[in-house]
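Take a look at the model below before reading on. Which parts of the chain hold on to one another?

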Amino acid sequence: MDKIEIIAEIANAHQGCEETAYNLAKEAQKTGVEAIKYQIYFAEELLVKRHPRFEHFKKQSFSKNSWKDLIKKTKQLGVKVYADIYGIQAFNLAKECRVDGYKIHSSDLSNFHILSLINNIKNGERVILSCGGSNVREIYYALKQIRGLESRPILMHGFQSYPTNINDTNLKRISWLKEHFGHNCDIGFQDHISGDDWFAIALPLLAVAKGA
């Protein structure tokens, strides 16, 4: 059996505080995870200013220098750093910080501009495609656009509601992804079950049994 890589998702748990983000990464590293994943975005690139959530994301986003400092310190913990990227500016910053991998959200699997940037990375970084909200046509399209990658892309299944209802997890889709794309992709599982639910432990183990 291949080694299972466990990624600790920081997401927006830092609430806009760089110190909190780093402390979360340190606590996650103590558990033995292989990688930390941050979400890199800039409010101006993510939303139009009239969007009701614009100020919320503006307050939670970091400056470029803060991101550089945070990622540098996180790498010094001895873990890999992955980055969700939400736009071209976010990608360029992640690339400048030499992250170990990029994750593309389901909503960007048809985004030619983002995919073409990803296809040009040449240092063996991993690429994760979030497939929880994507159909088969979108997945095929995204994979076609990133054929130039040096490493196998990872298709990540996971129903993205917070917290996810156990009835919505649909682990059968992991088998479906493996059947249709397993010849040239690795398969992963992104869990969004409530952290205090027993299934937060059980579901990832079941996902491994299904082929993640």
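This report covers charged pairs, nonpolar cores, packed helices and a few single residues.

## Charged pairs

The model is a predicted one. Side chains of opposite charge can pair when their charged atoms come close. How many salt bridges does the structure hold? The count is twelve. Three of them are set out here, with the distance between N and O atoms.

| Pair | N to O distance |
|---|---|
| D69 and K73 | 3.6 Å |
| D84 and K103 | 3.6 Å |
| R152 and D186 | 3.0 Å |

Start with D69 and K73. Both residues sit in helix α4, which spans residues 64-75. They are four residues apart, or about one turn of the helix. D69 is partly exposed, because its relative accessibility is 35%. K73 is partly exposed too, with a relative accessible area of 25%.

Now take D84 and K103, whose side chains meet in a salt bridge. D84 belongs to strand β3 (residues 80-85) and K103 to strand β4 (residues 101-104), so this pair ties together parts that are 19 residues apart in sequence. Are these two residues buried or exposed? D84 has a relative accessibility of 1%, so D84 counts as buried. K103 stands at 6%, so K103 counts as buried as well. The cut-off for buried is under 20%.

D84 and K103 also have further partners. Together with E9 and K37, they are linked in a network of salt bridges.

The third pair is R152 and D186, again joined by a salt bridge. Here the pair links distant parts of the chain, 34 residues apart. R152 lies in the loop between α7 (136-145) and β6 (154-157). D186 lies in strand β7 (residues 186-189). R152 has a relative accessible area of 33%, so R152 is partly exposed. D186 is also partly exposed, at 29% relative accessibility.

## Nonpolar cores

Next come the nonpolar side chains. In soluble globular proteins, such side chains tend to be buried together. The largest nonpolar core in this model has 53 residues. Which members touch the most other members? They are I36, Y38, I40, I85, I118, L129 and L155.

Look at I118 in detail. Set aside its neighbours within four places in sequence. I118 is then in contact with I85, F91, Y102, I104, V127, I146 and L149. Another core lies apart from the largest one. This other core has six residues, among them Y41, L47, F57 and Y86.

## Packed helices

Two packed helices are described by the angle between their axes and the distance between the axes. Two pairs are worth a look.

The first pair is α1 and α4. Helix α1 runs over residues 18-30. The two helices pack at an angle of about 20°, and their axes are 10 Å apart. They are therefore roughly parallel to each other, as angles under 35 degrees count as roughly parallel. Their crossing is right-handed. On the α1 side, E18, A21, Y22 and A25 make the contact. On the α4 side, S66, D69, L70, K73 and T74 do so. Note D69 and K73 in that list: they are the residues of the salt bridge inside α4.

The second pair is α7 and α8. Helix α8 covers residues 172-181. Here the angle is about 45° and the axes are 13 Å apart. That makes α7 oblique to α8. This crossing, too, is right-handed. From α7, the contact is made by V136, I139, Y140 and L143. From α8, it is made by R173, W176, L177, H180 and F181.

## Single residues

Some residues deserve a look on their own. Q15 has a phi near 55°, a positive value in a residue other than glycine. Q15 lies in the loop between β1 (7-9) and α1. Its relative accessible area is 55%, so Q15 is exposed.

R98 also has a phi near 55°, again positive in a residue other than glycine. Where is R98 found? R98 is in the loop between α5 (88-96) and β4. R98 is exposed, because its relative accessible area is 67%.

Last comes N65, placed in helix α4. N65 has a relative accessible area of 58%, so N65 is exposed. N65 and L93 are 28 residues apart in sequence. In space they are 9.7 Å apart, C-alpha to C-alpha.

Key:
Residues are numbered from 1 along each chain as its sequence is written. This is a predicted model: local features need pLDDT of at least 70, side-chain atom pairs count only at pLDDT 80 or more; totals for chains, interfaces and linings use all residues. Side-chain values use heavy atoms; hydrogens and water are left out. A salt bridge is a side-chain nitrogen of Lys or Arg within 4 Å of a carboxyl oxygen of Asp or Glu. Buried means under 20% relative accessible area, exposed over 50%, partly exposed in between (1.4 Å probe, protein chains only). A nonpolar core is a set of buried Ala, Val, Leu, Ile, Met, Phe, Trp, Tyr and Cys residues joined through side-chain atoms within 4.5 Å. Contact means heavy atoms within 4.5 Å. Axes are lines fitted to C-alpha atoms, for helices over the stretch in contact, and angles run from 0 to 180 degrees between N-to-C directions. Angles under 35 degrees count as roughly parallel, over 145 as roughly antiparallel, 65 to 115 as roughly perpendicular and the rest as oblique. A crossing is left-handed if the near helix is turned anticlockwise from the far one by less than a right angle, and right-handed if clockwise.
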